[in-house]
Amino acid sequence: FQLLVQLEFCLDLAWPDTFGWFVHLLTIFSLDVLGSFDLGCVSPYTWTTKFWFAVTLMPGLLAGVAVSYRISRDREEDMANRSIKMGLTVVFLAYAFVSETIFQGFSCRSLGIDEAWLEVDYHIDCGTSEYAWYLLAGTMAIFVYPVGIPAATLFLLTRHGAEFRAGTPDSESVARKRFEFLVSDYKPAFYYWDAIEMLRKATIAGHYVVFIKGSLLQLVFAMVFCLGFLCASCWYQPYASMSANL
């Protein structure tokens, strides 16, 4: 669902009206709260608002998790592991939406000589100094979110790689119990697969930055990339559940 709601903008697709309405409903699965409701007639909701909402969404929710932990850590057992699971759930739900929003800021459409406007919001002139400041903030945000989160996840998991590969049950393994949200769905040898899934989401959300949106080359890249990932999943069958692999 998270990837489906991005494809219309990423690949310049025109869904049929009924299916487009259904896809719009699915934006709630990406925590795109502002985009799920038509606020344009009620308040001046622009892409800039969406960008700052996106980059502060994850820290805000994680701060709420931290506060919950500080309040309940002395009263409830295993609160640390529960809080980590809550935090990872926040990252999982918000990651695709945040990545897409950041990459949208790099997609400008040329409407003439020396004239280009942000494709997702024609209020924003890509030739202004204000937009140059966004490019700086957006570039930093790419390294923090679409790239930084999978890299940090992979680093955390590989530190406990030997313990994960041993296949110790969650009830007996400290690391598996702590990072259950990331590793419990996969076979012990593929404990790192969730980090690859994150990179897949970020690539699908941001590959139109490299290619001309709607071009044949972009569509071919998207098809080859998704087909390659599908073949890898079929070949390695990383999921612990055979029904998930099927």
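Contact here means heavy atoms within 4.5 Å, and the structure to which this is applied in the exercises below is a predicted model.

**Exercise 1. Establish how confident the prediction is, and which helices mark the lowest and highest confidence.**

Begin with the chain as a whole: the protein chain has an average pLDDT of 85, and 92% of the residues score at least 70. Then turn to the individual elements, where confidence is lowest in H1, with a mean of 76, and highest in H6, with 93.

**Exercise 2. Describe the overall architecture of the protein chain, from its elements to its extent in space.**

The inventory comes to twelve helices and two strands, and read from the N terminus the order is α-α-α-α-β-β-α-α-α-α-α-α-α-α. Along the principal axes, the C-alpha atoms fill a box of roughly 65 × 45 × 35 Å. Of the 246 residues, 37% count as buried. Finally, consider the contacts between residues at least 6 apart in sequence: 62% of these join residues at least 24 apart.

**Exercise 3. Identify the residues that touch the most other members of the largest nonpolar core, and the helices that supply it.**

This core has 34 residues, and those touching the most other members are Met58, Val98, Ile102 and Tyr145. At least two residues come from each of helix H3 (47-72), helix H4 (79-104), helix H5 (129-144), helix H6 (148-159), helix H9 (180-183) and helix H10 (193-206), with H4 giving the most, nine residues. To see one of these residues in its surroundings, take Met58: leaving aside residues up to four places away in sequence, Met58 touches Val90, Val91, Ala94, Tyr95, Val98, Tyr145 and Ile149.

**Exercise 4. Compare the span of H3 with the expected one, then locate its bend and its buried residues.**

The 26 residues of H3 should span 38 Å at 1.5 Å a residue, and because the end C-alpha atoms lie 37 Å apart, the span agrees with that expectation. H3 nevertheless bends by about 35° at Leu57, where a proline, Pro59, follows within four residues. Taking buried as under 20% relative accessible area, the buried residues of H3 are Trp47, Lys50, Phe51, Ala54, Val55, Leu57, Met58, Val65 and Ser72. Leu57, the site of the bend, is therefore among the buried residues of H3, by the cut-off of under 20%. The partners against which the buried residues of H3 pack are H4, strand S2 (115-118), H5 and H6.

**Exercise 5. Decide whether H10 is mostly covered or mostly open, and name elements that cover its buried residues.**

H10 has 14 residues and reaches 20 Å from its first C-alpha to its last, close to the expected 20 Å. The helix is mostly covered, since ten of its 14 residues are buried, namely Trp193, Asp194, Ala195, Glu197, Met198, Lys201, Ala202, Ile204, Ala205 and Gly206. The cover for these buried residues includes helix H1 (4-10), H4, H6, H9 and helix H11 (216-236).

**Exercise 6. Work out how the two strands pair, and examine the turn residue Asp114.**

Strand S1 (residues 108-112) pairs with S2 in the antiparallel sense, over four bridges, and one of the bridges joins Gly112 to Glu115 in S2. The two strands form a hairpin with two residues between them. Within the loop between S1 and S2 lies Asp114, which has a positive phi of about 55° although it is not a glycine. As background, most residues other than glycine have a negative phi. Because its relative accessible area is 82%, above the 50% cut-off, Asp114 is exposed.

**Exercise 7. Place Gln237 and Ala244, and classify the accessibility of each.**

Gln237 is found in the loop between H11 and H12, and has a positive phi of about 45° although it is not a glycine. Because its relative accessibility is 30%, which falls between the limits of 20% and 50%, Gln237 counts as partly exposed. Ala244 has its place in helix H12 (residues 242-245), and with a relative accessible area of 42% is partly exposed. Lastly, consider the pair Ala244 and Asp185, which are 59 residues apart in sequence and 9.0 Å apart in space, C-alpha to C-alpha.

Key:
Residues numbered from 1 in each chain as written. Predicted model: local features only at pLDDT ≥ 70, side-chain atom pairs only at ≥ 80, totals over all residues. Heavy atoms only, no water. Core = buried A, V, L, I, M, F, W, Y, C linked by side-chain atoms within 4.5 Å. Buried < 20%, exposed > 50% of the residue type's maximum accessible area, 1.4 Å probe, protein only. Expected span 1.5 Å × (residues − 1). Bend = angle between axes of the 7 residues up to and from the residue. pLDDT = per-residue confidence, 0-100. Pairing = 2+ DSSP bridges.
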